[in-house]
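User: I have a model open and would like to talk through some of its local features. Can we go over it in questions and answers?

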There are 2 protein chains.
Amino acid sequence: MSWRVVIAGGGFGGFYAARALERTLPNQSARVTLVNDANFMLYTPLLPGAAGATLDPRHVVVPLRAELKRTELVIGRVSGHDPAGRTLAVERVDSSPLELAYDQLLIALGSVSRTLPIPGLAEHGIGLKSLADATAVRNQVLQCMDIAESIDDPARRREYLGFVFVGAGYAGVEGLGELQDFAAHAIELYPRCRADGMRWVLVEARERIMQEVPESLSRFAQRELLARGIEVRTRTELLALSQSAATLSGGETIPTRTLVWTAGVKPSPAIAKLGLTRDSSGRLPVDRTLRVAELPGVWAIGDCAAVPDSSRPGSLCPPTAQHAIRQGRLVARNIAATLQGREARPFTYRTKGVVAELGRNKAVAITFGVRWQGFPAWLIARTYHLLLMPGIGRRLRLLVDWNVALVFGRDTSAPGRLGTPTPLEAEQEQG
Amino acid sequence: MSWRVVIAGGGFGGFYAARALERTLPNQSARVTLVNDANFMLYTPLLPGAAGATLDPRHVVVPLRAELKRTELVIGRVSGHDPAGRTLAVERVDSSPLELAYDQLLIALGSVSRTLPIPGLAEHGIGLKSLADATAVRNQVLQCMDIAESIDDPARRREYLGFVFVGAGYAGVEGLGELQDFAAHAIELYPRCRADGMRWVLVEARERIMQEVPESLSRFAQRELLARGIEVRTRTELLALSQSAATLSGGETIPTRTLVWTAGVKPSPAIAKLGLTRDSSGRLPVDRTLRVAELPGVWAIGDCAAVPDSSRPGSLCPPTAQHAIRQGRLVARNIAATLQGREARPFTYRTKGVVAELGRNKAVAITFGVRWQGFPAWLIARTYHLLLMPGIGRRLRLLVDWNVALVFGRDTSAPGRLGTPTPLEAEQEQG
């Protein structure tokens, strides 16, 4: 009987591992099953583009079935794990249970937004991690303008025209950059809002924005944001959030109905259900070959794994898509090697570069040590994403989207609660 | 002081009336306010295209603010009416109340799905009237395949691969045509489902499908559906619906998890809140000039109005977009005439033609008495929609969508519950 390989999680790590296994394992030598909660992989770096309406939300996802021809796909959530019996428990999308026996198990369950115990944050804050989040944030911005436009009291109007992002890493800066650009375009259609003006505030606890890039690029990004009228508050924390205001550590209170929380991630809660040892931040410790030491045949990669960073001894790999992709490819090779009685190789990867888009066709980037900013950096970012996006059709769709948005501008309708239709009314009337 | 004109409803009728008023009324002579529950008009004839994934959902809506430069837009729902005080009560999107005083009031609140008191229909049926409905139906089809693919019992699998449409008017035939075409494409990615095959059933109570077109075109449409393996049950009614089966009047039971209800519409429930006389089907009776007789300065058009049909004496105008658009343009002229002390004109419109798309680049159409079918009819349908869609940018986006879909096929990912993000978790953990 052929080997059974189970991959839990279809994000960058799990998807690239499955793709590499399809190419590495001889045909019919193993049955590879991928468990994911959706039938697509979200291409997270393009999420701000979907939020800012330069991209069709359908084009920032990779349909897993179309790209993985030899992998069996199970849509569901990991609900448990029997390490002794070597089975993974899954709850399928229709709530029915499924037990998946495995010889090799890869855990790539990724991360979710990490909140802090700040009063009001869970009730009033919005995350920016999923496609639903991106659509919700975009609709929220438009809905605030729609409401502000119909309010007569200028003081009350102000809270609908204040937008706060907390956390100035990639996600926060890119998300704010795209959305402010989108809103600056949309507000032209709201005469009263336009007369008042909007207020955009970026809040960061550390001493500068974008810790991930060198200080010179971080300064460039900050100058670009300031030039657009965006207020940047570094060394500042969110203390409390209500329906209509955010209170910051400097004592300042910002009237706002929209606070987007992008201050960090934590491993997926499903990790806790696996019965495996976790580190202090909830991740699964692995050795340099990406193996979970305590249990043979179990591997972990990506945001849910604590992977030693070979380029910075003593540190762990950062939770980026770049690292997850490389770990996915290596772990596929190591799983195949283990099945075939060969040695597993250690993970050695040095970040090749970083790119962060800021909206308005601007970006900052470092590629192989060279720093780029402005329009050239934006072109590099776009090219990079085009090359990484699987499927020639999807690449062309992205190109079409970008060029249509360049020519015609952004779309400013709020298609609202897509996918949650009003139920058919129960009715007694005879038609 | 300038006149106050209030339009309740921003569908085809209300939108075209507002546009015509902007062009007809001298600048600053009247303040025109449009009340709508969304900041866009849904271009309903393209809804099946959005459901079948040939069109980006964002491209089948018309952003009202972008198209109506001189109309004040209030996003909210009509909640009441004081005929004596001449004010319309609105509940805004943030639930706050608003009173709109008017000199002239146009009621264009449209229609919603009309159900019948069939056991299980309200609980398990899906409508196909809104953008949320279209996304939900599409996701439902994909989710059924995802589940079926992971089920071992062939009998249980069958209920996930059965799809039933009840009501074979335009909406039902176009919707089923597009979705079956979409599903036939998507199923190639599901090996087990493909081996089993799908079952698509169209149920119609009357003796033939598409009563709106002559019998020869209806026969063509039916032949086209049959050729694709779609089962057509005329003179058949839905008797009961459960989570996993539909029972038809012939005694037949069809295993299905997906029943789309497209058997008719009824006036928007908000009509009942206006304190005006309604006819037996809940519509507002108007005279030939579109005036609500009982109250001066109040007009009604579109699906919520009972408008005498000049081309068929004794009958009422059918609830189609074509009629709503013409009524919108005429009522704008009549409102302007009334304000300016001129005579209102009667509504005289003879249907110029009908088009119905069937998916797979096929359609049936009648234009000025000439009948078309197949690919030529499909080209006519596309051209017609392009000409009617307001905004050159939106027309080009539609063309791009259609051509991309022609070249690359349809998109088969299910972006799921867009716009309903998981709330940020309340959390005690210190980051």
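What follows is a short exchange about helix packing, salt bridges, backbone angles and the surface of this predicted model.

User: Let's start with helix packing in chain A. At roughly what angle do α1 and α10 of chain A cross?

Analyst: Two packed helices are described by the angle between their axes and the distance between the axes. Here α1(A) covers residues 12-24 and α10(A) covers residues 321-339, and their axes come within 7 Å. On the α1(A) side the contact includes F12(A), Y16(A) and L21(A), while α10(A) brings in residues including I325(A), V331(A) and I335(A). The angle you want is roughly 35°.

User: And in chain B, is the crossing of α1(B) and α10(B) left-handed or right-handed?

Analyst: In chain B, the axes of α1 (residues 12-24) and α10 (residues 321-339) come within 7 Å and cross at roughly 35°. Among the residues that meet there are G13(B), A17(B) and A20(B) from α1(B), with A324(B), G328(B) and A332(B] from α10(B). As for the hand of the α1(B) and α10(B) crossing, it's right-handed.

User: On to salt bridges. How many are there over all chains?

Analyst: The rule asks for a side-chain nitrogen of Lys or Arg within 4 Å of a carboxyl oxygen of Asp or Glu. R283(A) and D279(A) get in at 3.9 Å, N to O. Over all chains, the count comes to 38.

User: In that R283(A) and D279(A) pair, which residue is buried?

Analyst: The cut-off for buried is under 20% relative accessible area. D279(A) has 23%, so it counts as partly exposed. With a relative accessible area of 18%, the buried one is R283(A).

User: Which residue forms a salt bridge with E204(B)?

Analyst: E204(B) itself is buried, with a relative accessible area of 6%. Its partner is partly exposed, at 46% relative accessibility. The closest N and O atoms are 3.3 Å apart, and the partner is R206(B).

User: How far apart, N to O, are R194(B) and E188(B) in their salt bridge?

Analyst: Neither end is buried here: R194(B) is partly exposed at 42%, and E188(B) is partly exposed at 48%. Their side chains meet in a salt bridge, with an N to O distance of 3.6 Å.

User: Now some backbone oddities. What is the phi of S95(A), roughly?

Analyst: S95(A) is in the loop between β6 (87-92) and β7 (97-101) of chain A. It's exposed, because its relative accessible area is 52% and the cut-off is over 50%. S95(A) isn't a glycine, yet its phi is positive, at about 75°.

User: M210(B) has a positive phi too, of about 50°. Is M210(B) buried or exposed?

Analyst: M210(B) is not a glycine either. Its place is the loop between β12 (199-203) and α9 (215-227) of chain B. The relative accessible area is 0%, so M210(B) is buried.

User: What about A51(B): how far is it in space from L176(B), C-alpha to C-alpha?

Analyst: A51(B) is found in helix α2 (residues 47-51) of chain B, and it's buried with a relative accessible area of 0%. Leaving out residues up to four places away in sequence, A51(B) touches A134(B), R138(B) and L179(B). A51(B) and L176(B) are 125 residues apart in sequence, and in space the separation is 9.6 Å.

User: Where is Y349(B) found?

Analyst: Y349(B) counts as buried, because its relative accessibility is 6%. Among the residues it touches, beyond those up to four places away in sequence, are D309(B), H323(B) and R326(B). Its C-alpha is 9.6 Å from that of Q322(B), 27 residues apart along the chain. Y349(B) is in the loop between α10 and β22 (353-359) of chain B.

User: Last one, on the surface. I392(A), L396(A) and L399(A) make a nonpolar patch, so what is its area, about?

Analyst: L399(A) sits in helix α12 (residues 392-408) of chain A. L399(A) is partly exposed, with a relative accessible area of 35%, and patch residues need over 30%. Together with I392(A) and L396(A), L399(A) makes a nonpolar surface patch of about 260 Å².

Methods. Residues are numbered from 1 along each chain as its sequence is written. Chains are lettered from A and ligands numbered from 1 in the order in which they are written. This is a predicted model: local features need pLDDT of at least 70, side-chain atom pairs count only at pLDDT 80 or more; totals for chains, interfaces and linings use all residues. Side-chain values use heavy atoms; hydrogens and water are left out. Patches are made of residues with over 30% relative accessible area and no salt bridge: like charges are joined within 9 Å, nonpolar side chains (Val, Leu, Ile, Met, Phe, Trp, Tyr) within 5 Å. Accessible areas come from the Shrake-Rupley method with a 1.4 Å probe; for residues, only the protein chains shown count as cover. Helices (H or I, at least four residues) and strands (E, at least two) are DSSP runs, numbered from the N terminus. Buried means under 20% relative accessible area, exposed over 50%, partly exposed in between (1.4 Å probe, protein chains only). Axes are lines fitted to C-alpha atoms, for helices over the stretch in contact, and angles run from 0 to 180 degrees between N-to-C directions. Contact means heavy atoms within 4.5 Å. A crossing is left-handed if the near helix is turned anticlockwise from the far one by less than a right angle, and right-handed if clockwise.
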